[in-house]
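Please read these notes with the sequence and the model open side by side.

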Amino acid sequence: MEENAIFEPLIDGILTKGYGIADGFLSAGEVTALAQQLRDRRAGGQFKAAAIGNQQVTIEKQIRGDEILWLDEANAAPAEKVYLDRINEFIQYVNRTCYLGLQDAEVHYALYPPGTFYKRHLDRFKTDSRRKLSVICYLNTDWQEADGGQLAIYLPGEDGTERVDTVMPVGGRLVCFESDRLEHEVLPANRERLSVTGWLRTR
Ligand code: OGA
Ligand code: MN
């Protein structure tokens, strides 16, 4: 698919409704390869329970139950390189069209075992003002409504009310929103749920 055909709906979505979705950000083959790479690394014992906050590291299963592994660009496997390259293309695209002055990305794998979730939160820590855009790409094949694990996004509705949109974690789909603006949540997943989550950062 042409680059702009994938990237443009992301920016357009952020500007018009607060978040953007691009299906086919990764092809089916790229999803399979990256999911396999995730599983290989997890089998190798590289994943850790996710912590909350970036200062005092506490593990709180009542808040989030995913296991994560940060991607290391210098030692990226081919499937990881494909993803990081595409994210870097997106950064260039955003900088050309929106002048956000994005510098780089920090990206981690996330695996939610069955029954786990991530309660409502904002992505930007008080101590890290560099995170500008959150980007989440899903690596799940044949995800069904009954599998749960939707991304719930809280949006301002009419007259100060709140609206909730839900997004299915369908393989190859990328969701993007401003890290310091949108509160969101991962609803309990009934099946193992795989993703790569990243933040596009300014200088
Ligand atoms: C996160 C997060 C959402 C998702 O990792 O901070 O909110 O849909 N992920 O995986
Ligand atoms: Mn989040």
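The points below take up a metal site, a helix and a hairpin.

1. This is a predicted model, in which local features need pLDDT of at least 70, side-chain atom pairs count only at pLDDT 80 or more, and totals for chains, interfaces and linings use all residues. Residues are numbered from 1 along each chain as its sequence is written, chains are lettered from A and ligands numbered from 1 in the order in which they are written, and side-chain values use heavy atoms, without hydrogens or water.

2. The manganese ion (ligand 2) has three protein donors, His-121 (NE2), Asp-123 (OD) and His-184 (NE2), lying 2.1 Å from it. Donors are N, O and S atoms within 2.8 Å of the metal (3.2 Å for Na, K and Ca); water is not among the atoms, so sites may look incomplete. Along the chain the donor spacing is H-x1-D-x60-H. His-121 belongs to strand S5 (residues 118–121) and His-184 to strand S10 (residues 184–186), so the pair ties together parts that are 63 residues apart in sequence. Helices (H or I, at least four residues) and strands (E, at least two) are DSSP runs, numbered from the N terminus. Both histidines, His-121 and His-184, are buried (under 20% relative accessible area, with exposed over 50% and partly exposed in between; 1.4 Å probe, protein chains only).

3. Ile-6, Phe-7, Leu-10, Ile-11, Gly-13 and Ile-14 of helix H1 are buried. Viewed down the axis of H1, the buried residues fall within an arc of 155 degrees (taken from the directions from the helix axis to the C-beta atoms), so they line one face of the helix. Leu-15 and Thr-16 are exposed on the face of H1 turned away from its buried side.

4. Strands S7 (residues 151–156) and S8 (residues 162–167) run antiparallel, joined by 6 bridges; strands pair if DSSP finds at least two bridges between them. S7 and S8 form a hairpin with 5 residues between them, and Asp-159 in the turn has a positive phi of about 50 degrees.
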